[in-house]
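Trainee: I am new to this structure and would like a close look at one part of it. Please take a stretch of strands, go through the residues along the way, and then follow the aromatic rings.

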Amino acid sequence: MFFCGISGEPPQDPVVSAKSGHVYERRLILKYINDNGTDPLTGEKLDESDLLSVKANPKAAPPRPPTATSIPALLHTLQNEWDALVLETFALKQQYNNTRQELSYALYAQDAASRVVARLIRERDAAREALANVQASMGIPAAPTNGADVEMTEEVAPTALPKHVIDQIDETQQALSATRKKRKAPAGYTTPAEVKTFAAKQTIASLHSASPAGINSIAVSRENFSQFLTGGNDKIVQLYDRSTDKVLASLKGHTKKINHVAFREREGEPTLLFSAGADKIAKIWSHDTASGEYLPKATIKTHKGDLTGLVVHPTSTLVAYASLDKTYSMHDLSNFSQVYHSAPAGEPITSLAIHPDGALLALGTLSSNIQISDIRAGTVAATISPEGTPFSVHTLSFSENGYHLLAPDSPTSVAIWDLRKMTAAHSIPLGDAFKVNKVIYDYSANFFGVAGSGGVRLFAHKTWEELVRFEEASDVTDLVFGDQGKELWGTSGREVRIWGVPE
């Protein structure tokens, strides 16, 4: 009978070393060779190829060790196994606790490093802004930087639109203006008579965070009319599906409240989501068809003041922003580059609207003046100045036929300005308790809506008749018409309210 040179027990699969002649259990000697590469008894170099299998016949079961032939011996063996298991468990617990402590220290160090980096970034941005202000006050142009860590920031402002952009605007303006006079509302579009029947249809509550609460802007998809985009005081942009009653996306990146949101939906291209905030930046997200998610595409840091306007140009290839820094800018959506940044105006810009033909834009100001500018030349074509005490013009809306501009002419009234004569065609007082937050024309230009502290009111164009009013929402911050003008969407607090033709 053979005995293993390592374990001292009869081997189950015996092998013999061709160099030393000693017998081993195959699994034990292979493990030893892998770890040491030598013979365990002689210390000579030993490879697996030096092992020869021993073929014993007949095969017999190994004898039981004498220590395992009685019950006391078996109990002693089990006790030893249990003790070994307990000791191993204790060692594992010690190792686990040590690992937890090391991980805790690593997380603490990482958090401290992140705080230091965030503080340095804030200090760097503050230094950049202070330098830009000093350069602006001294009339020194800002030097371009090659170390920008975000897209479309610290760029040299173009003094005029590039020729290819002007050509796009001209082409769009000619195509749209040629059909404007003959343009009619689509078949099945809501009539003023149907607007009079509008009633509350749905209230979607508890959107965004409760602190700070409030929705400032809403945009409704024109491809999927159940989806809408909101921007709130909680610094988040939310995409919501009304049909499934689910939040499709919560987009972060702003550090202050969101003032404006918008869609860009163009056939053959990914859907783009836009936001503009009080943190002086604008963000753009693009829909990824593979994952179904909206991925960040650009962060725009052109302006030095709160962003007060956001409009996608009728070409669908440009987006415009306005700011309290007295300027507005244009950006190309094909590569997200800045194509124009206006010279500072005489006063901060508080609102922005683009003419449906795409050639003109309207800018509201803090002193109640409204500037009508030529986008292509970057010059002011006309100025509208309502009479009375100056106030801030926070909202503007062109009629779809391009002939009229709807805007407040006081904090509690709205005027319809005839752009052909640059005079007010009519003014509608809303009452001293009604503070105007939003004005909007519908697509047919047959009626328009006014939202404010007193709820929502809809009026007929030309006759100026009040068609319907809704006062259940105390302070409506934004307003938009739905598909075919059959619905009206408004934001109030954390709610989105929908009114429309009864079903």
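Mentor: What follows goes through one strand and its partners, then the aromatic pairs, and ends with a helix.

The model is a predicted one, and every value below is computed from it.

Start with strand E22, residues 404-410. Seven of its seven residues are buried, so E22 is largely enclosed by the rest of the structure. On one side, strand E21 (residues 397-398) is joined to E22 by two bridges, and the two strands run antiparallel. Phe 398 has Leu 405 of E22 as its bridge partner. Five residues lie between the strands in the hairpin of E21 and E22, and Gly 402 in that hairpin takes a positive phi near 85°.

E22 also pairs with strand E23, residues 413-418, again in the antiparallel sense, this time over six bridges. The hairpin from E22 to E23 runs through two residues. Leu 405 turns up again here, standing opposite Trp 417 in E23.

Asp 418 also belongs to strand E23. Is Asp 418 buried or exposed? Its relative accessibility is 9%, and since buried means under 20%, Asp 418 counts as buried. Apart from neighbours within four places in sequence, Asp 418 is in contact with Tyr 403, His 404, Thr 423 and Ala 425. Ala 345, by contrast, is 73 residues from Asp 418 in sequence and 24 Å from it in space, C-alpha to C-alpha. Tyr 403, one of the contacts of Asp 418, has the charged end of Arg 420 sitting over its ring, 4.4 Å from the ring centre.

Now the aromatic pairs. The structure holds nine of them. In one, the ring centres of Tyr 189 and Tyr 443 are 6.4 Å apart and the planes stand at 50°, so the pair is tilted. This pair links distant parts of the chain, 254 residues apart. Tyr 189 is in the loop between H3 and helix H4 (192-195), while Tyr 443 is in the loop between strand E25 (436-441) and strand E26 (447-452). Tyr 189 is buried at a relative accessible area of 10%, whereas Tyr 443, at 40%, counts as partly exposed.

Phe 448 and Phe 459 form another aromatic pair, a stacked one, with 5.7 Å from centre to centre and 25° between the planes. Phe 448 lies in strand E26 and Phe 459 in strand E27 (residues 455-460), eleven residues apart. Both Phe 448 and Phe 459 are buried. Together with Tyr 441 and Trp 464, they form one aromatic cluster.

Last comes helix H3, which precedes the loop that holds Tyr 189. H3 covers residues 163-180, has 18 residues, and reaches 25 Å from its first C-alpha to its last, close to the 26 Å expected. Val 165, Ile 169, Thr 172 and Arg 180 are buried in H3. Seen down the helix axis, the buried residues of H3 fall within an arc of 75°, so they line one face. An α-helix has 3.6 residues a turn, so residues three or four places apart point the same way. The buried residues of H3 pack against strand E14 (318-323) and strand E16 (337-341). On the face turned away from that buried side, H3 carries the exposed residues Lys 163, Glu 171, Gln 174 and Ala 178.

Note on methods. Residues numbered from 1 in each chain as written. Predicted model: local features only at pLDDT ≥ 70, side-chain atom pairs only at ≥ 80, totals over all residues. Heavy atoms only, no water. Helix = DSSP H or I, 4+ residues; strand = E, 2+ residues; numbered from the N terminus. Expected span 1.5 Å × (residues − 1). Buried < 20%, exposed > 50% of the residue type's maximum accessible area, 1.4 Å probe, protein only. Arc of directions from axis to C-beta. Contact = heavy atoms within 4.5 Å. Phe/Tyr/Trp six-rings, centres within 6.5 Å; stacked < 30°, edge-to-face > 60°. Lys NZ or Arg CZ within 6 Å of the ring centre and 35° of its normal. Pairing = 2+ DSSP bridges.
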